[in-house]
Amino acid sequence: MSAHISEERQHSVETMLSQDVGKTVVVVDFGSQYSQLIARRVRELRVYSHLVPYDATWETVSSLNPGAVILSGGPSSVYEPNAPRLPKWVLDSGLPVLAICYGLQLIAHEMGGQVAPANVKEYGPAELQVEDESSPLFDGLPKSQRVWMSHGDSVISLPEGFWCIGSTVASPYSVVTNGKIYGLQFHPEVVHTHYGREIISNFLFKIAGLEPVWTPSHFIEESIQRIKDEVGQAKVICALSGGVDSSVAATLIHKAIGDRLVCIFVNNGLLRLNEAEEVLGVLRDQQHLNIRYVDATDRFLSALHGVMDPEEKRKRIGECFIRVFEEEASKLGEIEFLAQGTLYPDVIESATADTKAAAKIKTHHNVGGLPPDLKFKLLEPLKYLFKDEVREVGKNLGLPDHIVYRHPFPGPGLAVRIIGEVTPERLDIVRRCDAIVRQEIEKAGMYREIWQAFAVLTPIRTVGVMGDARTYGYLVAVRAVTSEDAMTAHWARIPHEVLDSIGSRIVNEVHEVTRVVYDITNKPPGTIEWE
Ligand SMILES: Nc1ncnc2c1ncn2[C@@H]1O[C@H](COP(=O)(O)OP(=O)(O)OP(=O)(O)O)[C@@H](O)[C@H]1O
Ligand SMILES: O=c1[nH]c(=O)c2[nH+]cn([C@@H]3O[C@H](COP(=O)(O)O)[C@@H](O)[C@H]3O)c2[nH]1
Ligand SMILES: NC(=O)CC[C@H](N)C(=O)O
Ligand SMILES: [Mg+2]
């Protein structure tokens, strides 16, 4: 069933893309850490960009209305036996190609050149000398420029028909072309390459001849029209959490269909301190959305009774959400659509779920957690945006900053921040700890720079001493990360004084807790949430 859902979602995303946002730049992902970043850089230049795995078929790619191809870097070496190959469609399609790092090495290797381990491995900055100032790739750029390298292999001989247009001391073939394909040994997508943005821009506009038509406000107008067309005279319920994604989705849909939208905000008993009051205060009273508030605490907590396994928790929560939406819908007459604030990373994950490279990490309640007998059609107007792009749309829609910049909070809520069984007592403990973490982060003026900050309650008990007496209570972990899109994250370098006040406040104010630790795991290898 989930494979079926993912095909359907993939199909509808492709249909929408080809109609509304101009040509797409297809980024072929060979496993680089920066593949996502390449797609973002292209969109920052107002051209829509879509990431596909290296084994995507031409059928998939052609349905995206491609205007150019970018090959990403990657950890493999082209001469290794199982290294990812160049998809045949790349050359057959005749599309303009920008090949970065591993991408360049693949082009050289597969078109008759040679790649070998370099004498000097290059990680970090290098000075690029432009050899051909008349190349459109370097239009308007200086002859010498700082670029950023990260490679152990190098191209040592060029395929027929290629010539060199830029070099560094360690990499003579840093920039090569045959007039249609452009290869770069360095990474134009990282900010350390001083003219990276300009190089990508020259490729898009001067070489591939694309149009910069993809913008947030363009997106708003287009998607309002699209929602009107898709929904017709039907009614929609929107699953609204107060998070930025569903608030932006609901606002767009409200603009499109007015009162035929009813939002459902579910208190699942797994929310943060005062969350229900705050969300209703802002979205109902200030933004004038039509919101039904459903307190389904008992239903969720009894579904979670005795459940220890994280995946089982997520499945039960996903199911409870849908049952609540169904019950509410039945009170509202004929409801055809369920709207959700699903984002592009969810679509990528579901689209690649059945390829050999993708592993199931966890079931996001709004994607993999949907029951097979779902009777609504899904309406997901944000499903090809990243979080920071959604924030930009939100700002353009006039949503207040505290919604636009609100930290993400997962639908399964505090349930995935309690290791082991979820009980009312444990929820109360983790909720109070979480409030302290957030208050201290805000007080330190760090709210915006941090992606998410929260507390996790472990079932471990440890000994302490307070007022000369022995204590024995829970171990709480504090987690704070920085991230661009939650696909990767770093643990946040919070100043020791701030950690100190978080730690002492938790132990002093939440008596059930005797010890606080700080989580210093990046993603990967960790995930942001503990379950
Ligand atoms: N308590 C809730 N009540 C109703 N719908 C919810 C609730 N929690 C989550 N959802 C639905 O699930 C979707 C996914 O949740 P998710 O947390 O990823 O997004 P969000 O809450 O809108 O934004 P953010 O990621 O910033 O928290 C939401 O967009 C919303 O449609
Ligand atoms: O709506 C959601 N439903 C879920 O089931 C879910 N699981 C994780 N998250 C959020 O997604 C981001 C990435 O989280 P992980 O690194 O833990 O996978 C982080 O921002 C998490 O908070 C969820 N959001
Ligand atoms: N960043 C990359 O794409 C690296 C390519 C290849 N693995 C190398 O080390 O040269
Ligand atoms: Mg949320």
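Start by selecting His187 in this predicted model and showing what surrounds it. Leaving aside residues up to four places away in sequence, His187 touches Tyr34, Gly73, Ile100, Cys101, Trp148, Ser150 and Thr193. Is His187 buried or exposed? It has 24 C-beta neighbours inside 10 Å, and 20 or more are needed to count as buried, so His187 is buried. Its place in the chain is the loop between β9 (181–184) and α6 (196–207).

Stay in that loop and pick Glu189, which also lies between β9 and α6. With 27 C-beta neighbours inside 10 Å, Glu189 is buried. Beyond residues up to four places away in sequence, Glu189 touches Tyr34, Leu37, Ile38, Arg41 and Gly196.

Now add Cys101 to the selection. According to an unreviewed UniProt entry, the annotation "active site" covers Cys101, His187 and Glu189. Why can they be said to gather at one spot? They span 89 residues in sequence, yet no two of their C-alpha atoms are more than 11.3 Å apart, so they come together in one place.

Next, colour strand β1, residues 24–29. Six of its six residues are buried, so the strand is largely enclosed by the rest of the structure. Turn on the side chains to see the two faces: Thr24, Val26 and Val28 point one way, while Val25, Val27 and Asp29 point the other way.

Two strands to show with β1 are β2 and β3. Strand β2 (residues 48–53) pairs with β1 in the parallel sense over six bridges, and Val27 stands opposite Leu51 there. To get from β1 to β2, follow the chain through helix α2 (residues 35–44); this β-α-β crossover is right-handed. Strand β3 (residues 66–71) also runs parallel to β1, joined to it by five bridges. On that side, look for Thr24 opposite Pro66.

Finally, zoom out and colour by domain: domain 1 covers 22–207, domain 2 covers 216–404 and domain 3 covers 418–518. The C-alpha centres of domain 2 and domain 3 lie 28 Å apart. Their contact takes 12 residues from domain 2 and 12 residues from domain 3. Which elements give two or more residues to the side of domain 2 that touches domain 3? Select α10 (297–304) and α13 (387–396) to see them. Coloured by class, this side of domain 2 shows seven nonpolar, two polar and three charged residues.

Notes
Residues numbered from 1 in each chain as written. Chains lettered and ligands numbered in written order. Predicted model: local features only at pLDDT ≥ 70, side-chain atom pairs only at ≥ 80, totals over all residues. Domains from an automatic or database assignment. Contact = placed C-beta atoms within 7 Å. Helix = DSSP H or I, 4+ residues; strand = E, 2+ residues; numbered from the N terminus. Nonpolar A, V, L, I, M, F, W, Y, C, P; charged D, E, K, R; others polar. Buried ≥ 20, exposed ≤ 12 C-beta atoms within 10 Å, placed from the backbone. Pairing = 2+ DSSP bridges. Right-handed = clockwise from strand over helix to strand, strands pointing away. UniProt positions renumbered as here; feature names shortened; annotations may be inferred.
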